[in-house]
Amino acid sequence: MKGFTASQGYGLALVIFLLDQITKYWVSDVLGLEALGSIEVLPLFNLTWVENYGVSMGLFQADGDVGRWSLTVLTAAIAAGVAWWMRRETNGIDILAMGLVLGGAVGNIVDRVRFGYVVDFVHLYWGDLSFYVFNVADAGITIGVALLLLRALFERKPAAREDHLEN
C-alpha cells in the first residue's frame, strides 16, 4: 500500500463522513428510529436509537453545554492532528487508517454540534451478550485505530545498522 497517498486518505475520510451522515439521516429522518426505539433486522442485529452524550462506548458522559463543547473541541483538535499527521505520512496503511479515523471523527463532531449528542444505531448482540451501540463513524475510528496499533505492534523495522569505526 505504499501508493496510497494523503489525498486518497482525505478522500477516504470524506467517504466515511458522507456514509456516516447519510446513514444517520436515514435512521432518523426516513426510518423515524427515534420514535420507534428499536427494530430487529436479524436475530443478532437491531437498529436501536441511542443518543450518546459521551465519547466512545458512552464513556465520560458530557452533561450540559460545557461538557458538550469540551468534547467537541477535544475531538476537533484530535481530528486536526490526524489531518496534519496524514499530510506528512508516507506509509500507505497508516494513511488509510488515518483516513478512517478522520472521517469518523468529523462525522461525530457534526452530530455533537447539531444535536448535542452523537447518533448511534447499530446494535449487535448474541443471546444475552450485547455489544455497544455504534455508528459508521465509530466503526471507521475503531478500524483505523486498530490498523495503526497492529502495524505499530507487528511490523518489523529494519535492524539498525551499526557502522564500526576502526581505530
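Visitor: What makes a stretch of residues a strand here, and in which strand is Asp-120 found?

Guide: A strand is a DSSP run of at least two residues, numbered from the N terminus, and in this predicted model Asp-120 is found in strand E3, which covers residues 118-126.

Visitor: Why is Asp-120 said to have no salt bridge?

Guide: A salt bridge needs a side-chain nitrogen of Lys or Arg within 4 Å of a carboxyl oxygen of Asp or Glu. The nearest side chain of opposite charge, that of Lys-24, is 6.0 Å away from Asp-120, and therefore Asp-120, although buried, is counted as having no salt bridge.

Visitor: What makes the links from Asp-120 to Asn-52 and Asn-135 polar contacts?

Guide: The cut-off for a pair of N or O atoms is 3.5 Å. The side chains of Asp-120 and Asn-52 are joined at 3.2 Å, and the side chains of Asp-120 and Asn-135 at 2.7 Å, so both values satisfy the limit of 3.5 Å. Leaving aside neighbours within four places in sequence, Asp-120 is also in contact with other residues, among them Thr-48, Trp-49, Val-133 and Asp-138.

Visitor: How do you know that E3 is paired with E2 and with E4?

Guide: Pairing requires at least two bridges between two strands. E2 and E3 have six bridges, while E3 and E4 have two, so both pairs qualify, each in the antiparallel sense. One bridge partner in E3 is His-123, which stands opposite Asn-46, and Trp-126 stands opposite Leu-129 in E4. In the hairpin of E3 and E4, two residues lie between the strands, and Gly-127 takes a positive phi near 60°.

Visitor: Why are E1 and E4 called edge strands of the open sheet?

Guide: The four strands follow the order E1-E2-E3-E4 with antiparallel pairing. Strand E1 (38-42) and strand E4 (129-130) each have a single partner strand, so one side of each is left without a neighbour in the sheet.

Visitor: What makes E3 mostly covered, and which helix lies across E3?

Guide: A residue is buried when its relative accessible area is under 20%, and seven of the nine residues of E3 are buried. Helix H1 (residues 6-30) lies across E2 (45-52) and E3, running at about 85° to E3.

Note on methods: Residues numbered from 1 in each chain as written. Predicted model: local features only at pLDDT ≥ 70, side-chain atom pairs only at ≥ 80, totals over all residues. Heavy atoms only, no water. Buried < 20%, exposed > 50% of the residue type's maximum accessible area, 1.4 Å probe, protein only. Lys, Arg positive; Asp, Glu negative; His and termini not counted. Polar contact = N/O pair within 3.5 Å; in protein donor to acceptor, adjacent residues only side chain to side chain. Contact = heavy atoms within 4.5 Å. Axes fitted to C-alpha atoms, helices over the stretch in contact; angles between N-to-C directions.
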